[in-house]
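These are my notes from a session with one structure. I wrote down each thing as I looked it up.

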Amino acid sequence: MAEEKKPLAALVARLEASVLRLEALEGRLNKTPSSQAAPTLSHSNPLSDNAANQTRVTATSSAAAAAAAPSVEAFDVLVESAVKRVVDDGSRIGGQVSAASQLIADAFREQRRIVQAISVCEQPDVPSLQKLLKPLADVTSKANSLTEGKRTDTYNHLKTVAESLQALFWVLYTKDNGMSLPGPHIEESWQAAEFYNNKVLIEYRNKDAKHVDWAKAIKELYLSGLRDYVKKFHTTGPSWNEKGINVEKFGAAGVAPTAPPAPPSLPKGPPPPPPGPVSSASTSGSKLSMSAVFSDLNKGEAVTHGLRKVTDDMKTKNRAERSGVVAAGGPMVDKESNRATVSSNKGTPKFELQMDRKWVVENQTDNKNLVVSQTNARQSVYVYGCKGCVIQVHGKVNNITMDRCTKSGLVFKDVVAACEIVNCTSVEVQCQGTAPTIAIDNTNGCQFYLSKPSLQASITTAKSSEINVLVPGSTEDSDLVKHALPEQFLNVYSDGRFTTTPVSHSGG
């Protein structure tokens, strides 16, 4: 028996030495007292039971593997640089901005625990994944609570933080669940936060550089920090360890130590609220869709009230009225060539509200009754890959983007930020209310109808052709007046610089 213990004791000693080196390195990086380090095995008092030895060996090996994973090391670098910069800039401002910045540090601390779990665990079922993400969801709920009540001078700062933290749920996005990939999800989440972040930049541009530094730091944290990290290590979804342990053992055995706290000089946010009840929607351990996870994390049935699904009669393959002729005024198209064009669009048709923030209308064909209703000013609308469709947007929304659409129409009421037409061909857009900014990029053929309230909109075009803007006439009974936007420019060198003037178009 003693002979069997010797090799095992030697293995334990080697693992202890590895863990001690990792703990020493972690202590130097995060300036934490050695007394806070996890207790290690005693050299002078080896375990007497072989089963206990094996348990300690498994836990120690998993901890060492998680700490040494390249994805975890890269995430630590991100926290040490980008997150620390946001917290430092927030502490210089103080008040609620400092507290909100500390919540970002808390959220990334929970994200590090999730990244460690991904590196050493096999892909979990939905209930286990929900438990793993619950601490992160609690932090985001706490950030949202800061924006409630009476608005303060730092409201835009708080909204920037609350909106941006949605990017940390990239772990729910994979190529198999029909949702965006992790990288694009982070970019989309930042778009909602950038609306408020830009307000901070504009308000304090010539007033207080500390606020400008903070706004720039938080943008770099997500766009050039978290996004690039996820694209490198989790391109198509979380890279779970196929030979890893069960995520329940990861949490129960304490395999993954939490990330070290922020430096002592930084203010610490208030303690998180007590955890709420965990949804018991599924106890069988079977894997559900990622949409179900989102519903549970957001804790409320109201999130799914506006969710729309694609019914069988909306699918292209089931539409009986399909023909080889496009809308009136367009050229005749051969049925076979039209079928080939449609079949090249391999995306799944979508018409749904995601996270109560973003309406998604994707890959629809020959559908003239796509109506986006029940909207509010915090939501955005993204129309992608539609052909021969008409999309109507009711109410006021934050922004609208029409991307890679062909022979389609868009009718909307009001937008808070901008309406963008990108990579489209032969589209018609009508604004019935107001739109501060209209951007048309890489588009061939666009008829844009403006109402009287939207005549003050600023229109920018780039790499586009055949752009016509129709405005109301002098009286209510007058016909619309068409103006062709220039697509050719004359550049003349004079007096040491170039002068650029548009080439005149007839009818403008």
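**Entry 1: the cores**

I began with the largest nonpolar core, which has 61 residues; Phe-108, Leu-221, Tyr-222 and Leu-226 touch the most other members. The model is predicted, and I keep that in mind for every value below.

I then asked which helices each supply at least two residues of this core. They are H3, H4, H5 (126-146), H6 (155-164), H7 (182-204), H8 (209-233) and H9 (247-252). H4 gives the most, with 12 residues. Apart from this core I found another, of 35 residues, and Cys-386, Met-402, Ala-457 and Ile-467 are among them.

**Entry 2: helix H4**

Since H4 gives the most to the core, I looked up how much of H4 is buried. Of its 26 residues, 23 are buried, so H4 is largely enclosed by the rest of the structure.

I also checked its length. At 1.5 Å a residue, the 26 residues of H4 should span 38 Å. The end C-alpha atoms of H4 are 39 Å apart, which agrees.

**Entry 3: aromatic rings**

I searched the whole structure for aromatic pairs and got 10. One of them is Phe-75 with Phe-108, a stacked pair at 6.0 Å centre to centre, with 25 degrees between the planes. The planes count as stacked because 25 degrees is under the cut-off of 30 degrees.

What does this pair tie together? Phe-75 lies in helix H3 (residues 70-93) and Phe-108 in helix H4 (residues 95-120), so the pair ties together parts that are 33 residues apart in sequence. Phe-75 has 0% relative accessibility and counts as buried. Phe-108 is buried too, with a relative accessible area of 1%.

I noted a second pair, Phe-351 and Trp-359, which is edge-to-face: 6.2 Å centre to centre and 65 degrees between the planes. Both Phe-351 and Trp-359 are buried.

Phe-75 and Phe-108 also belong to one aromatic cluster, together with Trp-190, Tyr-222, Tyr-229 and Phe-233. I followed Tyr-222 further and listed what it touches, not counting residues up to four places away in sequence. The list is Phe-108, Ser-164, Leu-165, Ala-167, Ile-186, Trp-190 and Arg-227.

**Entry 4: charges over rings**

I looked for charged side chains over ring faces. Arg-151 lies over the face of Tyr-155, at 4.1 Å from the ring centre. Lys-207 lies over the face of Tyr-204, at 5.3 Å from the ring centre.

**Entry 5: Tyr-382**

Next I picked a residue in a strand: Tyr-382 lies in S4 (residues 380-384). Is Tyr-382 buried or exposed? Its relative accessible area is 18%, so Tyr-382 is buried; the cut-off for buried is under 20%.

Leaving aside neighbours within four places in sequence, I found Tyr-382 in contact with Lys-358, Trp-359, Val-360, Val-361, Glu-362, Thr-401 and Asp-403. Trp-359 is the partner of Phe-351 in the edge-to-face pair noted above. I also looked up Glu-420, which is 38 residues from Tyr-382 along the chain; their C-alpha atoms are separated by 9.6 Å.

**Entry 6: the whole chain**

I ended with totals. The protein chain has 11 helices and 14 strands. Buried residues make up 42% of its 508 residues. Of the contacts between residues at least 6 apart in sequence, 45% join residues at least 24 apart. The accessible surface comes to about 26,600 Å², and 52% of it belongs to carbon and sulfur atoms.

Definitions and conventions
Residues are numbered from 1 along each chain as its sequence is written. This is a predicted model: local features need pLDDT of at least 70, side-chain atom pairs count only at pLDDT 80 or more; totals for chains, interfaces and linings use all residues. Side-chain values use heavy atoms; hydrogens and water are left out. Rings of Phe, Tyr and Trp (its six-membered ring) pair if their centres lie within 6.5 Å; planes under 30 degrees apart count as stacked, over 60 as edge-to-face and the rest as tilted. Helices (H or I, at least four residues) and strands (E, at least two) are DSSP runs, numbered from the N terminus. Buried means under 20% relative accessible area, exposed over 50%, partly exposed in between (1.4 Å probe, protein chains only). A charge sits over a ring if NZ of Lys or CZ of Arg is within 6 Å of the ring centre and within 35 degrees of the ring normal. Contact means heavy atoms within 4.5 Å. The expected span of a helix is 1.5 Å times one less than its number of residues. A nonpolar core is a set of buried Ala, Val, Leu, Ile, Met, Phe, Trp, Tyr and Cys residues joined through side-chain atoms within 4.5 Å. Accessible areas come from the Shrake-Rupley method with a 1.4 Å probe; for residues, only the protein chains shown count as cover.
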